[in-house]
Amino acid sequence: MMFEKILTRYGFDPGAAVLPFGDGLINHTWKVHTEGKNYILQQVNQHVFKSPADIDQNLNLLKNYLSKAKPEYLFISPIATLNGDSLVHIDARYYRMFPFVEGSKSLNALKSADEAYEAAKQFAKFSKILADFEVTKLNITIPDFHNLSLRYDQFTAACRQAPADRLFQAKDCIAFINEQQEIVHTYFQILNDVNIPLRVIHHDTKISNVLFDNQAKGLCVIDLDTVMPGYFFSDVGDMMRTYLCGATEEDTDFEKITIRKDFFTAVYRGYMEEMGDVLTLQEKRHFFNSGKFIIYMQGIRFLTDFLQNDCYYGAKYEGHNLNRATNQIVLLRQYLNAEKELLESVTIPR
Ligand SMILES: Nc1ncnc2c1ncn2[C@@H]1O[C@H](COP(=O)(O)OP(=O)(O)OP(=O)(O)O)[C@@H](O)[C@H]1O
Ligand SMILES: [Mg+2]
């Protein structure tokens, strides 16, 4: 019934097959099979994205810009309905329809350094082709998404208000976060540095947001809801956080948390091949720090949630968010310990 209404808006056969697709966690995703062509239908998650129209406007701005400036780039943006709308509002829900990229696949887990290289290259390419786009035209789809200083303030407030038992259980993690406060200071330096500009940043570099071809080469990035003005360190740092270690943030076997040097050099190589000519000297100097910011921030966010009785992320078992925080703290320790070795493997300007 709901699908019929949607399909009709696009002038598609209302009886076309619509089947759940992919492993996305945020939005609802379906594949629509119409005669000759396939599409991806998505219902926007309005708990995460308060203003779907802002996302829609961003995608159209970028689409119009790229259709003139970089027509050869594979930019996946929503198609229009018969009325010319790229966002559909039905029964208080928002939907959009993308062309399905035939022959593409996305990965659920990163298995090789080559995949990390391809992904880093695609995220860098995206920022590169938009380097001359006037970034302040974009809407901010999630306010303060990577605002480390705000996250730190929320953490200190949570420490003041936390129940005594949780405060006690988290004491080692809290001590570590406080010891590493210098990371917040470095973050402030970046914000105040005129040579570190706002850019068009993807902000969600998980591996499933890259489409690969059947030769395992990266095709393009997808999942553009978090595309907004930001700093290079968000994408680079999140790749460090999620690509360098074979374990995920859910792993509780902390011994497994190690840094894969070949994945670091792969991310560096892939990113710099595209963005090397675009990044300023000051940005390049902060390449390694990117990982510190984002791992530290994620550790803080899990720890804050633990101190606030799991009200944001929720907990599947007792101590879940404390484990997630510990996991990120171990990862940060390993990353810091590996700093010298990792820096020796690439050519980051001093
Ligand atoms: N245009 C497309 N062509 C082919 N496959 C696609 C396309 N768009 C999305 N997909 C597939 O659907 C999956 C989910 O899409 P998407 O990442 O946009 O959803 P999401 O719910 O926002 O995901 P996440 O959990 O990463 O936030 C992708 O990982 C990919 O496998
Ligand atoms: Mg996704």
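**Close-ups of a predicted model**

**View 1. Who sits around Leu303?** Skip the neighbours within four places in sequence, and Leu303 is in contact with Phe155, Ala170, Cys173, Ile177 and Ala325. Keep in mind that this is a predicted model.

**View 2. The largest nonpolar core takes in 73 residues.** Leu303 turns up again here: along with Ala116, Ala120, Met240 and Val267, Leu303 touches the most other members of this core. Helix α11, spanning residues 287-307, supplies the largest share, with 12 residues. Both domains pitch in, since at least three core residues come from domain 1 (2-99) and at least three from domain 2 (113-344).

**View 3. A second core of 14 residues lies apart from the largest one.** Look for Ile6, Ile40, Val88 and Tyr94, which are among its members.

**View 4. The chain splits into two parts, domain 1 (2-99) and domain 2 (113-344).** Going by C-alpha centres, domain 1 and domain 2 are 28 Å apart. Where they meet, 15 residues of domain 1 are in contact with 14 residues of domain 2. On the domain 1 side of that meeting point you'll find 10 nonpolar, 2 polar and 3 charged residues.

**View 5. Ligand 1 lies between the two domains.** Why there? Domain 1 (2-99) and domain 2 (113-344) each give residues to the shell around ligand 1, so the ligand ends up between them. The ligand has 19 residues around it, and Gly22, Gly24, Ile26, Ser106 and Asp223 come nearest. By type, the shell around ligand 1 is a mix of 9 nonpolar, 8 polar and 2 charged residues.

Definitions and conventions. Residues are numbered from 1 along each chain as its sequence is written. Chains are lettered from A and ligands numbered from 1 in the order in which they are written. This is a predicted model: local features need pLDDT of at least 70, side-chain atom pairs count only at pLDDT 80 or more; totals for chains, interfaces and linings use all residues. A nonpolar core is a set of buried Ala, Val, Leu, Ile, Met, Phe, Trp, Tyr and Cys residues joined through C-beta atoms within 7 Å. A residue is buried if 20 or more other C-beta atoms lie within 10 Å of its own, exposed if 12 or fewer, and partly exposed in between; C-beta atoms are placed from the backbone. Helices (H or I, at least four residues) and strands (E, at least two) are DSSP runs, numbered from the N terminus. Domain bounds come from an automatic or database domain assignment. Two residues are in contact if their C-beta atoms, placed from the backbone, lie within 7 Å. Ala, Val, Leu, Ile, Met, Phe, Trp, Tyr, Cys and Pro count as nonpolar, Asp, Glu, Lys and Arg as charged, and the others, Gly among them, as polar. A residue is near a molecule or strand if its C-beta atom, placed from the backbone, lies within 6 Å of it.
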